[in-house]
Amino acid sequence: VNMVADITVKDDTRYGPKAFPFDAAFGPDATQEKVFEDTKRLVQSAVDGYNVCIFAYGQTGAGKTHTIQGNNSDPGIAPRSFDEMLKILHSMSNYSYTLQCYMVELYLDTMSDLLLTKEMKKNPPHLDIKEDVKGMMYIQAVTTHPISSAEEARAIFDTGLNNRKTSATMMNDNSS
């Protein structure tokens with residue numbers, strides 16, 4: 001496997017050469033601030049109405065959770081995105097908006113609602129991905145919560161994180 005200048009990883013597979021292009025790649029010395037500076041344009045895209053996804057992939061212990069979540073003293077992409085989104089929306093005084101969120105986990109080919117109440121967890125609804133009349137994707141029967149501040153978003157995010165399926169591995173005590 002070799003890396004070329006345009007951040008494309010090329011690999012010779014049993015089916016022939018395969019190229020994997022990336023928008024960005026960050027080394028072990030990249031700070032949370034640097035990673036967010038490179039990705040925060042996606043927050044503006046989401047405010048503009050586009051579907052946005054940041055996909056963290058890698059070996060256990062590579063830093064996926066740290067990059068997305070961070071910690072209280074060095075927040076990751078998600079908490080920084082909450083702040084950025086609210087900053088953008090508050091600056092748009094000529095628009096009205098409502099925010100709501102949901103949080104799901106895809107684990108072993110099963111999608112789970114991470115914001116279910118204790119009572120609802122006893123008989124969770126089947127989650128299904130649908131497309132609305134405008135072509136926007138949504139998850140049918142998912143629990144949504146209104147948001148009016150970045151602090152509220154972080155609290156809901158923390159609730160969802162606490163409901164994730166995690167277990168220890170040989171490389172990481174809290175792997176998902």
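In the predicted model, strands β7 (residues 128-131) and β8 (residues 137-140) run antiparallel and are joined by four bridges. Within this pairing, K130 stands opposite Y138 of β8. Five residues lie between the two strands of the hairpin, and G135 takes a positive phi near 85° there. Beyond this hairpin, A141 is found in the loop between β8 and β9 (145-147). A141 also has a positive phi, of about 75°, although it is not a glycine. The relative accessible area of A141 is 42%, so this residue is classed as partly exposed, between the limits of 20% and 50%.

A second antiparallel pairing involves strand β2 (residues 8-13) and strand β3 (residues 16-21), with six bridges between them. The hairpin that joins β2 to β3 does so through two residues. V9 has F20 as its bridge partner in β3. With respect to such strands, side chains in a regular strand alternate between the two faces of the sheet.

A further non-glycine residue with a positive phi is D109, for which the angle is about 65°. D109 is placed in the loop between β5 (104-107) and β6 (110-113). Its relative accessible area is 79%; because this value is over 50%, D109 counts as exposed.

The overall architecture comprises six helices and nine strands. The C-alpha trace spans about 45 × 45 × 40 Å along its principal axes. Of the 176 residues in the protein, 23% are buried. The exposed surface amounts to about 13,000 Å², of which 52% is supplied by carbon and sulfur atoms. Among contacts between residues at least 6 apart in sequence, 43% join residues at least 24 apart.

Helix α4 (residues 77-91) was examined for its length and its packing. At 1.5 Å a residue, its 15 residues should span 21 Å, and the end C-alpha atoms are 21 Å apart, which agrees with the expected value. The expectation is obtained by multiplying 1.5 Å by one less than the number of residues, which means that the 15 residues of α4 give 21 Å. The buried residues of α4 are I77, A78, P79, R80, S81, F82, E84, L86, I88 and L89. These buried residues pack against the helices α1 (32-39), α2 (41-47), α3 (64-69) and α6 (150-162), and also against strand β4 (99-101). In an α-helix, residues three or four places apart point the same way, because there are 3.6 residues a turn.

The largest nonpolar core contains 15 residues, and those with the most contacts inside it are F82, L99, M103, I147, I156 and F157. Two or more residues of this core are contributed by each of α4, β4 and α6. Helix α6 provides the largest share, with five residues.

F82 also takes part in the one aromatic pair found in a search of the whole structure. Its partner is F157, and the arrangement is edge-to-face, with 5.6 Å centre to centre and 75° between the planes. The angle is over 60 degrees, and the pair is therefore assigned to the edge-to-face class. The two residues are 75 residues apart, with F82 in helix α4 and F157 in helix α6, and the pair thus links distant parts of the chain. F82 has a relative accessible area of 16%, which is under 20%, and is therefore buried. F157, at 13% relative accessibility, likewise counts as buried because its value is under 20%. When residues up to four places away in sequence are not counted, F82 touches A150, A153 and R154 in addition to F157.

Helix α3, one of the elements against which the buried residues of α4 pack, contains T67. T67 is in contact with Q32, V35, G76 and I77, leaving aside neighbours within four places in sequence. Of these contacts, I77 is also one of the buried residues of α4. The C-alpha atoms of T67 and A30 are separated by 10.0 Å, and these residues are 37 residues apart along the chain. The relative accessibility of T67 is 25%, so T67 falls in the partly exposed class.

How values were computed: Residues are numbered from 1 along each chain as its sequence is written. This is a predicted model: local features need pLDDT of at least 70, side-chain atom pairs count only at pLDDT 80 or more; totals for chains, interfaces and linings use all residues. Side-chain values use heavy atoms; hydrogens and water are left out. Buried means under 20% relative accessible area, exposed over 50%, partly exposed in between (1.4 Å probe, protein chains only). Contact means heavy atoms within 4.5 Å. A nonpolar core is a set of buried Ala, Val, Leu, Ile, Met, Phe, Trp, Tyr and Cys residues joined through side-chain atoms within 4.5 Å. Rings of Phe, Tyr and Trp (its six-membered ring) pair if their centres lie within 6.5 Å; planes under 30 degrees apart count as stacked, over 60 as edge-to-face and the rest as tilted. Two strands pair if DSSP finds at least two bridges between them. Accessible areas come from the Shrake-Rupley method with a 1.4 Å probe; for residues, only the protein chains shown count as cover.
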